[in-house]
Amino acid sequence: MIPANQDHSLAQIKAQTLIESLDWLREFHGKIVVVKFGGNAMVDESLQRAFAQDMAYLRFVGIRPVVVHGGGPQITARLAELGIESEFRHGFRYTDATTIGVVRDVLRNQVSAKLAELIEEAGAKAIVLSGEDDDLFKAEKVSAKTEHGEIDLGLVGEVRSVNPRSVL
């Protein structure tokens, strides 16, 4: 049980935070806001739930969050489970045809699906989209550039354009 004075202090902090956010909420009401989900929040269950609740809150106040995320640790773990060794070149995961299938599966069916489930548990609707859905992202293959020349990264690319139709 939380002591009364600590409970009161927590209520004051929450009230102050809401008051300070009013201008921001007004400015972004009705707009799409892109939010990056990553780091420790991706591997800590309590932080995942808190993030999902925050996304539901934004939805409730009229902001339309679109969450983008990575999944490097989850991809590495899944590749290891499958006996596929991760190869890194100049800080990038070398991604061949086998690896890209695992990447797609982990990002959509593990990371995105779990986050969408948590957001829905918090009371807001969530839709899982991939950058490949409805041509949401167009990417261009890249290589790493070093003083010794270019290094092939396989199927690694950079987003060159975004088609936001899927999220409107």
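I take a pocket to be an open set of grid points with protein on both sides within 12 Å along at least five of seven lines, and its lining residues to have an atom within 4 Å of a point. The model I am reading is predicted.

Entry 1, second largest pocket. I looked up the volume of the second largest pocket and got about 300 Å³. Which helix gives the largest share of its lining? I found that α1 does, with 6 residues. Both α1 (4-28) and α2 supply at least two lining residues. I noted the lining as K14, T17, L18, S21, W24, L25, Q53, D54, Y57 and L58. I sorted these residues into 5 nonpolar, 3 polar and 2 charged.

Entry 2, nonpolar core. I then turned to the largest nonpolar core, which has 25 residues. Inside this core, F37, F51, M55 and I119 have the most contacts. I traced at least two core residues to each of β1 (32-37), α2 (45-60), α3 and α4 (97-121). The largest share, 9 residues, comes from α4. I checked M55 separately: beyond four places in sequence, M55 is in contact with V35, P65, V67 and I119.

Entry 3, G70. I located G70 in the loop between β2 (64-69) and α3 (72-81). Is G70 buried or partly exposed? I put G70 down as partly exposed, because its relative accessible area is 26%. Outside its neighbours within four places in sequence, I listed K36, F37, M42, L107 and V111 as contacts of G70. I also took the C-alpha separation of G70 and E117, which is 17 Å, with their positions 47 residues apart along the chain.

Methods
Residues numbered from 1 in each chain as written. Predicted model: local features only at pLDDT ≥ 70, side-chain atom pairs only at ≥ 80, totals over all residues. Heavy atoms only, no water. Helix = DSSP H or I, 4+ residues; strand = E, 2+ residues; numbered from the N terminus. Buried < 20%, exposed > 50% of the residue type's maximum accessible area, 1.4 Å probe, protein only. Contact = heavy atoms within 4.5 Å. Core = buried A, V, L, I, M, F, W, Y, C linked by side-chain atoms within 4.5 Å. 1 Å grid on protein atoms, 1.4 Å probe; cavity = no way out; pocket = protein on both sides within 12 Å on 5 of 7 lines; lining within 4 Å. Points joined across faces, edges and corners; volume = space filled by probe spheres on them. Nonpolar A, V, L, I, M, F, W, Y, C, P; charged D, E, K, R; others polar.
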